[in-house]
Amino acid sequence: MQALHRAAQRVNTCPSGSRGCSNSARASLASNARPCFLRSTTPGCKAPSPASQPRSCRRAVVVNAVFSPPTVAETKRKFIEAYNRPIPAIYNTVLQELLVQQHFIRYGVNYQYNAVYALGFVSVFDQILDGFDAGDKEAVFSAYVKATGEDPAQYRADAELLESQARSLSGPDGLQPDASGNELQQALAAVAAATGSGKFAYNRFFAVGLFRLLELTGAKEPAALEKLVKAVGVQASSVNKDLLLYKGVLSKLSSAKEMMRDFLEREKRKQAEREAAKAAKAGSEATAQA
């Protein structure tokens, strides 16, 4: 073993391939050194346990396990390939911004799907595409969720289940985490456990999900939101900020839709006037020729 340490010191003090390094030292080191865990894929080579590896080898294994999510461009490409029909600009602008936000949420290192988050996303999506053709709306929803590598059917099912259970409550007091309660209470309990252990990745869709649950119970007072936020262990300041942002986006979108409706109505009236004028002109010409 002492010979090994001496050989290793001589090799490490010389650059690779240097003439000053002893061939015998290299041979001694090669014959006595432990096999590296990274070589475990070599045919016929049995991988030793990680605990028995040199520290440098264990460090290399961690580096090779780096999280490598898809890029935003790849997520957008998947969406466009799945739904390749044109989307009116009034919807598409907001939808593309939403997709970018969800990409970063979905591929965050600590991301974990939960039903309250699903309810929040479904609520936002449905309000943004309100007025869109119903069949196309579901096709867009499916393409959107699949582009982020998740199941659109699961989103819809979980959102509908939580909505149903929240509506059945007589008030917001039933919105309490309970691991042995119904699916809604279990979902809140799972979030509370994750926040308690520091493993919960908060996002604005989750904030909207909490707000939606309160809406369904008929709660309108701020105290109800504060109580629910405290129960699941997230920061009230973050929730309030994201809800204000969400309401602002919906307000702007509503104004844009109203402007679009006014524009379309004016265009219809102008088109009707043009057609009437054209018909009147054709009638007068026919009368003159007669």
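Which hand does the crossing have where helix 4 passes helix 7? Keep that in mind while you get your bearings; the answer comes at the second stop. One thing to know before you start clicking: this is a predicted model.

**Stop 1: the whole chain**

Show everything as a cartoon. You'll find 12 helices and 0 strands. Reading from the N terminus, the elements go α-α-α-α-α-α-α-α-α-α-α-α. Now switch on a surface if you like: of the 290 residues in the protein, 33% are buried. Also, if you take the contacts with a separation of 6 or more, 63% of them are between residues 24 or more positions apart.

**Stop 2: helix 4 and helix 7**

Select residues 72-82 for helix 4 and residues 134-147 for helix 7. Their axes lie 8 Å apart, and the packing angle is about 150°. Angles over 145 degrees count as roughly antiparallel, so helix 4 and helix 7 are roughly antiparallel to each other. And here is the answer to the opening question: helix 4 passes helix 7 in a right-handed crossing.

Next, turn on side chains where the two helices meet. On the helix 4 side, pick Thr-75, Lys-78, Phe-79 and Ala-82. On the helix 7 side, pick Val-140, Ala-143, Tyr-144 and Ala-147. Sorted by class, the residues of this contact between helix 4 and helix 7 come out as 6 nonpolar, 1 polar and 1 charged.

**Stop 3: Thr-75 and His-103**

Stay with Thr-75, which sits in helix 4. Is Thr-75 buried or exposed? Its relative accessibility is 2%, and buried means under 20%, so Thr-75 counts as buried.

Now add His-103, which you'll find in helix 5, residues 89-106. His-103 is buried too, with a relative accessible area of 4%. Zoom in on the pair: the side chains of Thr-75 and His-103 are joined by a polar contact of 2.7 Å.

Who else is around? Skipping its neighbours within four places in sequence, Thr-75 is in contact with Pro-70, Leu-99, His-103, Tyr-107, Ala-147 and Thr-148. Do the same for His-103, again skipping neighbours within four places, and you get Pro-70, Thr-71, Val-72 and Thr-75. Look for Pro-70 in your view: it touches Thr-75 and it touches His-103.

**Stop 4: helix 10 and helix 11**

Move along the chain and select residues 204-217 (helix 10) and residues 222-232 (helix 11). Their axes come within 10 Å and cross at roughly 130°. That angle makes helix 10 oblique to helix 11. The crossing of helix 10 and helix 11 is right-handed.

Show the side chains again. Helix 10 brings Phe-206, Leu-210 and Leu-214 to the contact, while helix 11 brings Ala-224, Leu-225, Leu-228, Val-229 and Val-232. Colour the contact of helix 10 with helix 11 by class and you'll have 8 nonpolar residues, with no polar and no charged ones.

**Stop 5: helix 9 and helix 11**

Keep helix 11 on screen and add helix 9, residues 183-196. How do their axes cross, and how many Å do they come within? They cross at roughly 60° and come within 7 Å. That makes helix 9 oblique to helix 11.

The contact uses Leu-188, Val-191, Ala-192 and Thr-195 of helix 9, plus Leu-228, Ala-231 and Val-232 of helix 11. By class, the contact of helix 9 with helix 11 has 6 nonpolar residues, 1 polar and no charged. To finish, click on Leu-228 and Val-232: both take part in the contact with helix 9 and in the contact with helix 10.

Conventions
Residues are numbered from 1 along each chain as its sequence is written. This is a predicted model: local features need pLDDT of at least 70, side-chain atom pairs count only at pLDDT 80 or more; totals for chains, interfaces and linings use all residues. Side-chain values use heavy atoms; hydrogens and water are left out. Axes are lines fitted to C-alpha atoms, for helices over the stretch in contact, and angles run from 0 to 180 degrees between N-to-C directions. Helices (H or I, at least four residues) and strands (E, at least two) are DSSP runs, numbered from the N terminus. Angles under 35 degrees count as roughly parallel, over 145 as roughly antiparallel, 65 to 115 as roughly perpendicular and the rest as oblique. A crossing is left-handed if the near helix is turned anticlockwise from the far one by less than a right angle, and right-handed if clockwise. Contact means heavy atoms within 4.5 Å. Ala, Val, Leu, Ile, Met, Phe, Trp, Tyr, Cys and Pro count as nonpolar, Asp, Glu, Lys and Arg as charged, and the others, Gly among them, as polar. Buried means under 20% relative accessible area, exposed over 50%, partly exposed in between (1.4 Å probe, protein chains only). A polar contact is a pair of N or O atoms within 3.5 Å; within protein, one must be able to donate a hydrogen and the other to accept it, and residues adjacent in sequence count only if both atoms are side-chain atoms.
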